[in-house]
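Hello,

Here is the structure I promised to pass on to you. Please have a look at it first, and then read on for what turned up.

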Amino acid sequence: MDKFVRLEGLVAPLDRANVDTDAIIPKQFLKSIKRSGFGPNLFDEWRYMDIGQPGEDCTKRPRNPDFLLNQSRYQGAQILLTRKNFGCGSSREHAPWALLDFGFKAILAESYADIFFNNCFKNGILPIVLTAEEIDVLFAQALAAPGYTLIIDLEKQVVVRPDGKSLSFAVDAFRKECLINGWDDIGLTLRHAEKIHAFEEQRRAEQPWLFA
């Protein structure tokens with residue numbers, strides 16, 4: 001996965017609490033396990049006026065003009081600002097896949113569902129927890145200023161507002177190291193490729209009948 005060290009990105013303010021994974025990526029799109037191609041169906045039931053189906057050309061579907069991701073001021077957003085308990089509901093890794101495929105690299109919220117929170121780190125998205133008061137201020141600023149951007153510095157563990165105010169956030173040291181280096185579960189395993197290869201060769205020599 002891509003490394004995450006420092007991000008300066010446009011903010012999309014989704015002012016909703018308890019957004020579940022079926023809202024993030026509806027169940028009919030869960031057939032694929034490719035990790036890509038889910039972006040057009042992110043928040044599908046909110047973005048479009050009809051019911052979407054897998055493989056459908058989303059460019060020809062009627063869009064909901066009131067939904068923020070369909071508005072020109074939020075095109076290209078990389079930071080999702082939202083409320084508490086984001087990613088609740090059923091466990092599906094497709095939810096962070098859809099967010100990442102759309103272009104989001106970080107999420108700011110008061111809290112997250114545990115499984116979704118873990119899945120974000122495994123797929124290269126940084127989910128940041130801030131206080132309700134800090135989130136309120138970010139919403140007020142983002143809604144008042146088109147083109148509102150934030151700087152997220154993972155090494156320093158701060159979110160920097162346009163007015164220069166820095167908001168500190170906590171992150172597990174191991175997860176931080178993985179994001180900074182771009183290590184997903186496969187990447188972590190491949191760090192030990194030489195030892196794995198040596199073990200396989202030794203086993204092949206000691207137990208050749210297993211490889212006949």
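To get your bearings, in which segment is Trp209 found? Trp209 lies in the segment after α8 (193-206). Please keep in mind that this is a predicted model.

Trp209 is a good place to start. Together with Leu210 and Phe211, Trp209 makes a nonpolar surface patch of about 340 Å². Is Trp209 itself buried or exposed? Its relative accessibility is 59%, so Trp209 counts as exposed, the cut-off for that being over 50%.

Now to the charged side chains. How many salt bridges does a search of the whole structure find? The search comes up with seven, and I will walk you through three of them.

The first one I would look at pairs Arg83 with Asp15, where the closest N and O atoms are 2.7 Å apart. This pair links distant parts of the chain, 68 residues apart: Asp15 sits in the loop between β1 (6-13) and α1 (21-24), while Arg83 belongs to the loop between β2 (79-81) and α3 (94-102). How covered are the two partners? Arg83 has 15% relative accessibility and therefore counts as buried, since buried means under 20%. Asp15 is partly exposed, its relative accessible area being 47%.

Next comes a salt bridge between the side chains of Asp22 and Arg92, at 3.1 Å from N to O. Here too the pair links distant parts of the chain: Asp22 is in helix α1 and Arg92 is in the loop between β2 and α3, 70 residues apart. With a relative accessible area of 25%, Asp22 is partly exposed. Arg92, at 12% relative accessibility, counts as buried.

The last pair on my tour is Arg161 and Asp163, whose side chains meet in a salt bridge of 2.7 Å, N to O. Which of these two partners counts as buried? That is Arg161, at 15% relative accessibility. Asp163 is partly exposed, with 49% relative accessible area.

One more thing about the salt bridges: which residues do they join into one network by sharing partners? The network is made up of Asp15, Arg83, Glu110 and Asp136. You have already met Asp15 and Arg83 above, as a salt-bridged pair.

If you would like a simple route through the model, begin at the patch of Trp209, Leu210 and Phe211, then go to Arg83 and Asp15, and finish with Asp22 and Arg92.

Happy exploring, and best wishes

Terms used: Residues numbered from 1 in each chain as written. Predicted model: local features only at pLDDT ≥ 70, side-chain atom pairs only at ≥ 80, totals over all residues. Heavy atoms only, no water. Salt bridge = Lys/Arg side-chain N within 4 Å of Asp/Glu carboxyl O. Helix = DSSP H or I, 4+ residues; strand = E, 2+ residues; numbered from the N terminus. Buried < 20%, exposed > 50% of the residue type's maximum accessible area, 1.4 Å probe, protein only. Patch = residues over 30% accessible without salt bridge, like charges linked within 9 Å, V, L, I, M, F, W, Y side chains within 5 Å. Areas by Shrake-Rupley, 256 points an atom, 1.4 Å probe, with all protein chains shown as cover.
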